[in-house]
Amino acid sequence: MLYENPLYLAEEAAALDLLSDQRVALGISRGSPEPALRGWEAFGYEDPTESKAANMAREKFDRFLRAVRGEELAPADPQQFGPGRRLRIEPHSPGLERRIWWGAGSASTAEWAAQQGVNLMSSTLLTEATGAAFGDLQAEQIARYRQAWSTAGHGWTPRVSVSRSIFPITTDLDDLYFGRRGAGQGDQIGIIDDTRSTFGRTYAGEPDKLIDELKADAAIAAADTLMLTIPSQLGVDYNLHILESFAQHVAPALGWVPAGQS
């Protein structure tokens with residue numbers, strides 16, 4: 001959100017949602033650490049209060065959500081509409097607000113997302129490090145999100161996704177790329193945005209081994225959506241192979257059923 005005009009983004013999202021028969025699921029976040037120093041200022045946005053501009057992102061997101069929900073944000077030209085009229089962003093796509101996701105990197109941000117009434121998207125990084133396993137930390141984040149959602153009383157059931165780097169090894173090329181790299185690696189602790197953080201492990205191995213490991217991941221068990229993080233630099237064909245291998249050899253054991261099958 002640091003680089004976005006919230007009203008223009010709302011307009012684009014609604015137009016795309018209508019063109020796609022209301023199938024858009026839009027994930028948004030503050031933005032990850034970047035090579036540019038206060039890069040949003042080069043785009044014409046300023047937040048003089050802090051270097052990370054987290055507050056600016058949240059303020060923009062609030063305005064974006066109000067626009068998506070159809071709130072009349074702009075005063076109308078009184079010569080055309082008469083006095084006191086206000087206008088909403090057009091086009092407007094009813095229901096899009098329930099398909100907005102916020103990428104949260106901490107339990108407190110997950111609670112904030114619940115209060116805003118949006119779905120939760122949790123990735124392979126948490127800006128927390130207590131010594132607990134990454135999956136356990138993330139499961140706690142999900143629990144706090146759902147409790148905050150219940151307290152807010154939004155009246156509908158949100159979705160919760162977690163992201164994982166998962167590579168089933170079914171070919172010699174898979175083993176070359178990920179076999180030795182994935183062996184023995186666990187969660188890692190590092191510093192991001194001057195904050196001690198936990199980075200989730202990479203899952204790489206034969207399908208049977210992956211199934212057992214993923215079933216033991218507390219956050220995967222708690223979430224209702226699993227998103228795969230794949231290395232785009234390896235090309236479209238290899239990425240398709242990763243997805244097909246996961247869908248064929250791993251996902252059914254986790255409860256996934258292909259679209260169109262009962």
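In which helix is aspartate 208 found? Select aspartate 208 in this predicted model: the residue is found in helix 7. Its relative accessibility is 61%, so aspartate 208 counts as exposed, the cut-off being over 50%.

**First stop: the negative patch**

Keep Asp208 selected and add Asp172, Asp175, Glu206 and Asp212; together these five residues form a patch of negative charge on the surface. Two elements each contribute two or more residues to the negative patch, namely helix 6, which spans 172-182, and helix 7, which spans 207-215. Colouring helix 6 and helix 7 separately will show the elements concerned.

**Second stop: a salt bridge within helix 7**

Stay on helix 7 and select lysine 209 and glutamate 213, which both lie in this helix. The two residues are four apart, about one turn of the helix. Show their side chains: lysine 209 and glutamate 213 form a salt bridge, with 2.9 Å between the closest N and O atoms.

Is glutamate 213 buried or exposed? Glutamate 213 has a relative accessible area of 19% and is therefore buried, since the limit is under 20%. Its partner, lysine 209, is partly exposed, at 41% relative accessible area.

**Third stop: helix 2 and a salt-bridge network**

Move next to helix 2, residues 54-68, and select aspartate 62 and arginine 66. Both lie in this helix, four residues apart, which is about one turn. Their side chains meet in a salt bridge, with an N to O distance of 3.7 Å.

Now extend the selection to glutamate 71. Which residue forms a salt bridge with glutamate 71? The partner is arginine 66, and the closest N and O atoms of this pair are 3.1 Å apart. Arginine 66 thus appears in both pairs, with aspartate 62 and with glutamate 71. Asp62, Arg66 and Glu71 are accordingly linked in a network of salt bridges.

With the three side chains displayed, consider their accessibility. Aspartate 62 is partly exposed at 34% relative accessibility, arginine 66 is partly exposed at 29%, and glutamate 71 is partly exposed at 35%.

**Last stop: the whole model**

Finally, return to the full structure and display the salt bridges. How many salt bridges are there? The count comes to 11. Among them are the pairs visited on this tour: lysine 209 with glutamate 213, aspartate 62 with arginine 66, and arginine 66 with glutamate 71.

How values were computed. Residues numbered from 1 in each chain as written. Predicted model: local features only at pLDDT ≥ 70, side-chain atom pairs only at ≥ 80, totals over all residues. Heavy atoms only, no water. Patch = residues over 30% accessible without salt bridge, like charges linked within 9 Å, V, L, I, M, F, W, Y side chains within 5 Å. Areas by Shrake-Rupley, 256 points an atom, 1.4 Å probe, with all protein chains shown as cover. Salt bridge = Lys/Arg side-chain N within 4 Å of Asp/Glu carboxyl O. Lys, Arg positive; Asp, Glu negative; His and termini not counted. Charge placed at Lys NZ, Arg CZ, Asp CG, Glu CD. Buried < 20%, exposed > 50% of the residue type's maximum accessible area, 1.4 Å probe, protein only.
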